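Biologist: I am new to this structure and would love a close look at how one part of it packs. Please pick a helix and walk me through it slowly.

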Amino acid sequence: MDKNKIKTRMEKTLSSLQEQLMGLRAGNVTPSLVNKVVVDAYGSKMPLNQLANIGATADGKTIMVDPWDKTVLKDIMKALQSANLGANPISDGALIRLPFPPLSAERRNELVKMVEKFGEEGKISIRNIRRDEITAEKKLEKDGEISEDDLKKNQSVIQDITDEYTKKIDSVITAKKKDILDS
């Protein structure tokens with residue numbers, strides 16, 4: 001049994017969850033809200049961050065998009081409108097502003113439900129990794145490569161790692177929910 005391999009797989013699940021949660025707006029807006037926006041420019045689909053500087057204003061309510069090539073401004077506007085981010089892009093011909101309205105109580109509750117859903121998906125992924133590893137250990141025991149005692153010890157270690165990462169997911173989810181509700 002390779003503990004590092006198990007931890008690496010579970011760490012990837014945790015990182016993926018954190019990346020998903022960055023795309024959800026809590027209080028102040030961050031440039032990560034537009035990370036997944038893809039723009040049809042120059043005859044291909046390109047991520048927005050490869051076409052423009054992206055930043056948030058000091059008040060934390062607006063994202064500024066400054067295209068490097070002003071000829072793709074309309075393409076970026078179109079992509080931002082279709083991305084359904086909850087903000088209507090405004091252009092002055094050089095810059096694009098995405099002013100985000102304050103979150104309503106209803107929207108906060110929707111976001112909390114999404115966070116919980118993402119958290120449950122992460123936990124399912126962690127449990128699937130545990131199942132795969134325990135199945136592999138049982139096969140080793142069946143093939144006579146490890147003893148029954150080693151199997152029980154390895155299963156216990158796998159469960160401990162699973163519990164550790166489940167707690168990490170819980171803490172990430174709790175922090176994000178608090179961020180959404182308190183902002």
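Modeller: Happy to! Let us agree on one term before we start: two residues are in contact when heavy atoms of theirs lie within 4.5 Å. Please also keep in mind that this is a predicted model.

Our helix is α2, which covers residues 73-82. Its buried residues are Leu-73, Ile-76, Met-77, Ala-79 and Leu-80. Looking down the axis of α2, you would find these buried residues within an arc of 165°, so they line one face of the helix. A general point helps here: an α-helix has 3.6 residues a turn, so residues three or four places apart point the same way.

What does the buried side of α2 pack against? The partners of its buried residues are the strands β1 (38-41), β3 (52-56), β4 (62-67), β5 (90-91) and β6 (96-99). Turned away from that buried side is a face that carries Lys-74, Lys-78 and Ser-82, which are exposed. After the helix comes Asn-84, with a positive phi near 55°.

For a single residue elsewhere, try Thr-162, which sits in helix α4 (residues 148-182). Thr-162 has a relative accessible area of 2%, so it counts as buried. Leaving aside residues up to four places away in sequence, Thr-162 touches Met-10, Ile-126 and Arg-130.

One last stop is a ring: Lys-168 lies over the face of Tyr-165, 4.4 Å from the ring centre.

Key. Residues numbered from 1 in each chain as written. Predicted model: local features only at pLDDT ≥ 70, side-chain atom pairs only at ≥ 80, totals over all residues. Heavy atoms only, no water. Lys NZ or Arg CZ within 6 Å of the ring centre and 35° of its normal. Helix = DSSP H or I, 4+ residues; strand = E, 2+ residues; numbered from the N terminus. Buried < 20%, exposed > 50% of the residue type's maximum accessible area, 1.4 Å probe, protein only. Arc of directions from axis to C-beta.
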